[in-house]
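Thanks for coming. I will keep this short, so please look at the structure first.

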Amino acid sequence: MPAATLKTADFVLHKVAQSFGLCLLGFILKGFYEILEAMGMASMNSSGESLKLCVFDLRRGQNEGQELDKILFFYPPDVTFSTQLSVIGLSEGLITFTRLFSPEAACEVIEAERHSHVFHEAEPDIWMVMVVEKNKEIEAIWRVDALQKVLKEVHSLFVMFHGSIRSLLDKEPSGGLIRSHFYPFITDYLNDLSVGKKLQLPSFRETLKERGTVQMLTLARDAALEVQSLVGVLDSCAGTLRCHSVILFHDLLVSTTLSPDDTVDLFTFSVMRLTSNALSSGTSSWSYLRKGTSLSQTSSKSTSPQLLVSSDSLPSGNGHDAGRVIRPLQHNKWIKGKDGFLVTDIWGKDATPTIWLHQRQERVHLLAYQHKCLTLVLLVPTEAIVNGELDISFVKHQVIENATAKILKVEEKLSKGWGGENAYHVSGYRYLLVDNDMEVSRASPSGKVATLAKETLLAVNKLRETVDTEKSRTKEEKDMEICIRAKNNAWAIARVTRGKELYMALEKASDTLLDATDSVQSFSNRYCNGTFSMD
Amino acid sequence: MKEKNSTTASTLGRILATCSKQAKDYGSCVASKVHEVEKDLCLKEFLALKNCMQHTVKIMSSRPSSSQTSVGSGALSHAYIQHPSLHCNIPESRGLFYDDANRLLICVTSSQVFSWETAPPFNPDVSPSVDSVPEGPILSVRFSLDEKVIAVQRSDCEIQFFHRETKKKLTHKCRAGSESILGFFWSDSPLCDLAVVKTSGMDLFACDSAMNLRLVETKKVNVNWYIYTHESRLVLLASGLQCKTITGFQLSTAGVVRLPKFEMTLATTESNSKPIISAGDVHLVTVYGRIYCLQVDREAMLLHTYRFYRDAVVQQGSLPIYSSKLSVSVVDNLLLVHQIDAKVVIIYDLFVDSRAPVSAPLPLLWRGYQGSDSSSQAANKENKSPESSTSNENIVMYEDAWAFLVPDLILDQTNKVLWRVHLDLEAISASSSDRTSLLEFLQRRKLEANKAKQLCLGIARALILERRPATQVTQAIDVLVTAYSYSVKAGIYKELKNEKTTATPPTDGASPDNERGRASGSSIDGEEEVEMDLPSGSSDEQQESQLSSPAISPDELYKFVFASVEETMVEESDYLVAIITEFLRSISAEKLKVDLNIYVMTVRLLARSKRFAELSLFITNKIIEPSKEVALQLLESGGQNLRVRKLGLDMLRQLSLHHEYISSLVQDGYYLEALRYAQKRKVTSVRSSLFLEAAFASNDMQHLAAILRVLSELIPGFKETSEYYTFHGLLNETSSSVAV
């Protein structure tokens, strides 16, 4: 049973409801929400913030008077408990209600008149809800799926560093531990989204981008062989136990030995904090998902303890060892050491970071090495590190000893073949290419996408929404092709085939539909090995 | 069964008795290190023992009656002389000469000249050609290069020439008293045909077919002695009181080149302030196409090397010597320095800059028959005169009467036999620990190219099976790949497809066996091992003549190294993948191609260790080159992982392998996609029954009905075909049976 996607926007609702014969349900929901909103439970106008983000556990606080217990995180932190409870109560109500019809996947989104509620069930019964204000500003047009991807990204990054939310709750049932971890973590994360004083959510302007995917560097065969040879050396840097590694060049992935899911998480983190661009404080970062970082001071807000039910544990990173909370996403904490390894004191002085690998269900030590624009992330199994820092320095030594020559060679090869920020620009096209199997995407450089007219971007945004809806209706992979003509006569085209998606904007007003499909055809043949050649 | 056991035991007993020393050495080595024992620890001792045992067995099997035949038997050696030798025992012989230009061994009696071809391999049954010359003293004999004229030096002022066909005779004399003839040699330079070296210089003569000598040029130098080798075309004339001033001429086909005059280095001591160099102290050797001059400096106990360039003579360091009597041979571009007093030979490879010997000094060994030749040879032998076998047993290594002939012959003047010096590449490689340089060394071998090749393959296999660090294996692979690439560019390497197919099975079977012997180090399964060795030896010999280079093509590396270790390395496919990656990198750096089965194997290995993410990187980056075989392997491995299967499908589509692509789509249940694709690409090779059968096999009658429907709309007249009837009938039947 597919998810019940609920949108008040009539056409979507109509479509969804029609397809499932649930027309009635849609109206019931709409009515339900309106009742709630009328009761004032859904009133969101008190705070100036345009974004609310909360995490709550449905298994907690089931008794009257203990409702606060279920709140694990709320942003902005300075709103009253009653507001927090009203948001969470509404969400909980909707989840419970929709579960009646779709037990496997409850609601994903609710579009109200002034707000959108985006739901994500991060772990069983643990929900993340994002409430975004719909204002008159044109910028506030988003795609639900893109917002959901933000929630997913926060969660998987959190799990990578701290383990699952449930496990932390099990560790300390009072919830203090998870709360003390959440506040700094999510605030640090949201910092990356803020521009000036405002949080900038992925709007329609970012419609030709895909969060939660990896961007790869295209390698020539000889370069790929050199890289693989380097990977082979890195593999064996900790003796008999095999190390994993992820290699990036600028903000693009060169090689990984991890599963796609783990790769995405580690790639995201590396691009946020580790790559040469991230280290040079983000000012020169061109990576399209990451805006300039370290701008706002919102991190100071994270220490507002009034919100915490149990406010005894300090959320900031500099507490004593016992109550110490690690803030992996803290800004400006990584420095390139003399030996080429990146060092940080986030995990404590001289402590090596550890992360959790999803696929292998194991904790590994993270070592990052950088040479010019080449960043190597080496993951050493914890079993290999018996004597703590002594073994770590042995591994580092092994890397320097065995891999330096190869690193230099790879860097040289990659730099030589490096086409710059606009390497993947195809003139005449603005595109996004997503491979869902490998969780890889490639897109026109953001500078080039920015030249598109607003109408075009809105059309693509709408197109993507349509595809998202179609995709969520059925979990089976299917082929589809959609062409939309925008108000400005531009073409927005989507092609989906067996797990791969191509979105394209063509702004040549004189083009006929035939011309447009021809363009897609030739693009597919030239850059996608003919994957999207449908006719 | 029991009987056989007892004979085996007695054989083993005899072998052990012969090899008691080696067995003891090995035993004590193991015993002394029993606490730290690991593989290959007592490798050297083990090899000595193994060598000895194998040797004994070979000798026993070739001559069951004699107990101890090989001189210095049981000793480890790197160089040996081997049966059959060339016998030149002519009654009333007055002397033996060697004509290095024509490679003839010449034996003279008072009125006859016997000559034997010495080109390998020796044929002991060949009878010499005989020419009659008038009686008289003979100081030296040389045949002209076309072998039509025999030149005989009668005295220090007279050379006589005899035409073998016209029987014409000519006498050449020099001015008696004022000068004397030191010697002469024939030349193939365009300027002259004959050079006569006299104390006053060198006369160059042209000689026409009627055997008329015409003086072309005279090089005036005071000469004390001279040396000449035909392979270098170089004559060195020594002058001066100490004979250390050398004037050299090269009489090559390009003309006569005068080399700059140079002085040889001589250390002086108080006891001998003016040592004199004699002709026997200077040797001309040709290795790797370079000409070197080696000069013994007895006072310093050094062997100085000089290399000749076109316009310069450069001293290139010195080798230590351990004997006042010294001689050199060149076998397969290796320099063998015979330390005659010490009765050992040291092998140097002048190719590398280092002047370190290839291996430790070890004695020269005499070997009886070897390999499968033994039986036939033994039979031959019995037919032969008994004296020849006794002469073998009388061999005394480095006897005074031994003459070392250029480049690799030894003439035993006492026994009147000619030996060729051989190298034991197996022993050399067994005693070398640095495998990278050993591989380089083996790749430079030409004479026993096949043996070197097999050894290289064995080493490569062993490196991988022993899980050596990837860097080490990489170096080894690089050596082999570059050597191959070089030999292909130089045109030395020739693919021997026909021979290979017939010759490889035995060698293939034998090589792992060799390997086991080397690698295990502890199990002495002598009997079986030796038996296995015998046939392999024969096939080696057969191939040797065909193979000109030990270079190993990437395909062979795949076949004999990677494919052969795959089975045993199942548990360590990670390691093997790393090695293969290095191999591919090495190959791509040299712009070579490799058997695409290695890609199939890589896919298999990666899938086996569930490294799907990396597998798709390998595919997208084209590290694994696309091919039908790879695609099919991807489809097969994709049974565990849908993404991998998709990679395989994509590859089929990109390769335009329509038929396979459509079949796979159908197999996955994508009937409509398959049909659409077939129609779009106008693929006619796919039968419509393929879809129908697949749909029928899926047991979903809705599918079948849908396909039937689509086909009948697509293909005009489909409803009239037998297929339609068959499947339509099936459909009706099943649906009716369902209904019932």
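I will go through the interface of two chains and then the cysteines.

This is a predicted model, where local features need pLDDT of at least 70, side-chain atom pairs count only at pLDDT 80 or more, and totals for chains, interfaces and linings use all residues. Residues are numbered from 1 along each chain as its sequence is written, chains are lettered from A in the order in which they are written, and side-chain values use heavy atoms, with hydrogens and water left out.

First, the interface. Chain A contributes 33 residues to the contact and chain B 28, contact being heavy atoms within 4.5 Å. The two chains bury about 2800 Å² between them, 48% of it on carbon and sulfur atoms; buried area is the accessible area (1.4 Å probe) lost on putting two parts together, summed over both.

Six salt bridges are found across this interface, each a side-chain nitrogen of Lys or Arg within 4 Å of a carboxyl oxygen of Asp or Glu. One salt bridge joins A:Arg242 to B:Asp574, with the closest N and O atoms 3.8 Å apart. On chain B, the helices α13 (573-589), α15 (612-620), α17 (642-654) and α19 (671-680) each supply at least two residues of the side that touches chain A; helices here are DSSP runs of H or I, at least four residues, numbered from the N terminus.

Now the cysteines. How many disulfides are there over all chains? Zero, counting cysteine sulfur atoms within 2.5 Å. For A:Cys237, the nearest cysteine sulfur is that of A:Cys243, 6.3 Å away. The sulfur of A:Cys483 is 15 Å from the closest one, in A:Cys528, and therefore too far for a bond.
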